[in-house]
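This briefing goes through one model topic by topic, with the metal site at the start and the enclosed spaces and backbone details towards the end.

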Amino acid sequence: MLKRIWAYRRLHRYISHMEVVDCHEHLHPEDTRLAMPMDVAVLLGEYCGQDLLNAGMRAEEYGIVFGSEAAAAQKWAVLQPYLQAIETTSYYRALCISLKKHCGIDKLDKASFEKASQLLQNGNTPGVCERALAASRIRYAMVSSFPATVRVQQLGGRCRYVPMYYVPPMAQEHGFLRRPETLADLEQQADEFIALALQGGRAVKLRVDTPYTAATPAQVQQALDDWLGGVREFCPELCWYFVELLLQRCAVHDLPVSVHTGYWGDFRALSPEHLIPLIEAHPRNRFDLFHLGYPYVNSSLLLAKTHPNVCIDLCWVYLISEQLARDAICRIVDLVPMNKVMGFGADYWHYESVYGHRRLMDRTMALALADKVADGTLTLAQAKRWARAMLWDNPVRFYGLDQ
Ligand SMILES: [Zn+2]
C-alpha cells in the first residue's frame with residue numbers, strides 16, 4: 001500500500017509536468033470559434049449532452065439548454081434536475097476540472113453557471129486556442145477536420161490539420177469531396193485529399209460506419225453505375241474503394257492512418273475486428289486504432305500485439321471511463337510492445353474542454369502504472385519509460401512530429 005502511494009505520487013508529478021502530444025481533437029479553427037457565442041452549455045454539449053438525454057432529458061429541454069436562444073438562468077433551471085444523474089461520469093468530471101481552471105468555479109450552481117458563462121464569453125478572444133493548449137501542456141494537437149468545412153490554412157500554432165474521410169451509414173454523397181461521375185474522378189479526389197494531408201499534419205483519419213468489404217473493380221464500377229442511375233442510394237463498396245485509393249497513396253508517402261474504432265452510433269459496425277482483412281491486405285500502411293475500439297478493447301490490444309502495422313491509441317478513453325482506461329493500461333503493459341501505444345488525445349471541438357481531460361489522464365495513467373509498480377511488475381524507472389513512450393516518444397515518431 002505504501003509502495004503504491006509512493007509510486008503514484010512520483011508518477012503523477014512526472015506525468016503532469018510532461019509536455020505531451022494530443023493525438024486526436026476536432027478543434028474549431030479559431031476564426032470559426034471566435035464567431036460563436038460561448039457559455040457553459042457549449043462545453044456541456046460535448047458528450048455530457050448525450051448522457052443528459054440518456055438520463056431522461058426531453059428533446060424540448062435539450063433544445064433550450066443547448067440552443068442559442070435562452071439566457072443562462074433559463075438554461076440552468078432546465079438543466080439542474082438532471083445534473084445529479086451524470087455528476088459522477090468521467091465526461092462531467094472532466095468538464096468540472098476545466099471550469100475550475102478557466103473560470104475559477106468549484107461547483108456548478110445557478111450563480112456559477114452564469115458567471116462561468118460570462119467568463120467563457122469574455123475569454124473568446126484571439127489566442128484562445130494557443131492559451132488553452134499551452135495550459136494543458138500540449139505541444140502538438142492532431143486535429144481531424146472535414147476538407148469540405150475546414151481549410152488547412154485555418155489550423156496553425158500547435159494544431160496539425162488531419163483531413164478526415166468519414167461516412168455515416170446511408171450517407172447519400174458517400175463523404176466524397178464532390179459527386180463523382182467516373183472512377184477516375186474518385187482517383188482525382190483521392191489525390192486532392194492526400195495533397196491536403198501533405199500540406200497539413202501528414203496523416204489521414206478514417207471512419208466508415210459499415211463493416212469493411214473488399215470489392216472487385218467490376219463490382220465498384222457496378223456500384224457507381226447503380227448510384228448514378230438511382231438504382232441504389234448508398235453503396236458502401238464506393239466508400240471502401242475510396243479508402244483503398246487513400247491507403248495506396250498513404251503507403252507511397254508513408255502517411256500514418258488513424259481509424260475511429262468502437263463507441264459511436266451503432267458501434268457494432270465499428271468493431272476493430274472488422275478491420276482485420278483491411279489491415280492484413282495493407283501491410284505497407286501504418287494504422288493507429290483510436291479509442292482502443294471501446295467496448296472491444298481486448299480486440300484492439302490483440303491487434304496491436306499480433307500485427308506489426310497496428311498501433312493503439314487511448315484518445316478519448318479516459319473520458320469514456322477513467323476506470324476503463326486504468327484497467328486497459330495495466331493490460332497493455334503486460335501485453336503490447338511499449339513502442340506501439342499512443343497515450344493521449346481527446347475528441348473535442350472547444351479548446352477549454354481539453355484541460356480537464358488532460359488532468360484526468362495524468363491521474364489515471366499514474367494510478368495504473370503505480371498499480372504495476374506496487375505489484376512488482378514494473379520498476380519506477382520502467383513505469384516512467386512507459387509514460388514517456390505513450391505521451392511523447394511514440395506519437396512523435398509515428399506521426400513524424402520531429403521533422
Ligand atoms: Zn474524433
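A residue is called buried here when its relative accessible area is under 20%, exposed when that area is over 50%, and partly exposed in between. By that reading both His 24 and Asp 347 are buried. The model is a predicted one, and the points below are grouped by topic.

**Zinc site**

- Three residues coordinate the zinc ion, namely His 24 and His 26, each through NE2, and Asp 347 through OD, at 2.0 to 2.1 Å.
- Along the sequence these donor residues follow the spacing H-x1-H-x320-D.
- Because His 24 belongs to strand E1 (residues 20-25), while Asp 347 is in the loop between strand E8 (341-342) and helix H17 (354-374), the pair ties together parts that are 323 residues apart in sequence.

**Largest pocket**

- The largest pocket has a volume of about 460 Å³, and of the 26 residues that line it, His 26, Phe 146, Met 164, Asp 347 and Trp 349 are the closest to its centre.
- Two of those names, His 26 and Asp 347, also appear among the donors of the zinc ion.
- Strand E2 (138-145), strand E3 and strand E4 (204-208) each supply at least two residues of this lining.
- By class, the lining of the largest pocket divides into 11 nonpolar, 11 polar and 4 charged residues.

**Aromatic pairs and charges over rings**

- The structure holds 20 aromatic pairs, one of which joins Phe 176 and Trp 227 in an edge-to-face arrangement, with 6.5 Å centre to centre and 70° between the planes.
- Phe 176 is in the loop between strand E3 (159-167) and helix H10 (183-199), and Trp 227 is in helix H11 (residues 217-228), so this pair ties together parts that are 51 residues apart in sequence.
- Phe 176 and Trp 227 are both buried.
- Tyr 263 and Trp 316 form a stacked pair, with 4.7 Å centre to centre and 25° between the planes.
- Since Tyr 263 lies in the loop between strand E5 (257-260) and helix H13 (276-281), and Trp 316 in the loop between strand E7 (310-313) and helix H15 (317-320), the stacked pair ties together parts that are 53 residues apart in sequence.
- Tyr 263 has a relative accessible area of 19% and therefore counts as buried, and Trp 316, at 1% relative accessibility, is also buried.
- Tyr 263 and Trp 316 belong to a cluster, linked by ring pairs, that also takes in Tyr 47, Tyr 91, Trp 264, Tyr 294 and Tyr 348.
- Arg 179 lies over the face of Trp 227, at 4.7 Å from the ring centre, while the charged end of Arg 286 sits over the ring of Phe 398, 4.9 Å from its centre.

**Cavities**

- The structure holds 3 cavities of 30 Å³ or more, and in the largest cavity there is about 100 Å³ of space.
- The largest cavity is lined by 14 residues, with Val 208, Trp 240, Val 259, His 260 and Leu 275 nearest its centre.
- Strands E4 and E5 each supply at least two residues of that lining, and the largest share, 3 residues, comes from E4.
- The lining of the largest cavity has 8 nonpolar, 5 polar and 1 charged residues.
- The second largest cavity has a volume of about 50 Å³, and its lining includes Tyr 91 and Tyr 348, two residues that are also part of the aromatic cluster.
- Helix H7 (residues 90-103) gives the most to the lining of the second largest cavity, with 4 residues, and by class this lining has 6 nonpolar, 2 polar and 1 charged residues.

**Backbone details**

- The peptide bond from Tyr 294 to Pro 295 is cis, with omega near 10°, and Pro 295 is placed in the loop between strand E6 (287-290) and helix H14 (297-306).
- Arg 137, although not a glycine, has a positive phi of about 55°; Arg 137 is found in the loop between helix H9 (128-135) and E2, and with a relative accessible area of 34% it is partly exposed.
- Asp 254, likewise a residue other than glycine, has a positive phi near 55°; Asp 254 is found in the loop between helix H12 (236-253) and E5, and with a relative accessible area of 47% it is partly exposed.

Key
Residues numbered from 1 in each chain as written. Predicted model: local features only at pLDDT ≥ 70, side-chain atom pairs only at ≥ 80, totals over all residues. Heavy atoms only, no water. Phe/Tyr/Trp six-rings, centres within 6.5 Å; stacked < 30°, edge-to-face > 60°. Buried < 20%, exposed > 50% of the residue type's maximum accessible area, 1.4 Å probe, protein only. Lys NZ or Arg CZ within 6 Å of the ring centre and 35° of its normal. Donors = N, O, S within 2.8 Å, 3.2 Å for Na, K, Ca; no water. 1 Å grid on protein atoms, 1.4 Å probe; cavity = no way out; pocket = protein on both sides within 12 Å on 5 of 7 lines; lining within 4 Å. Points joined across faces, edges and corners; volume = space filled by probe spheres on them. Nonpolar A, V, L, I, M, F, W, Y, C, P; charged D, E, K, R; others polar.
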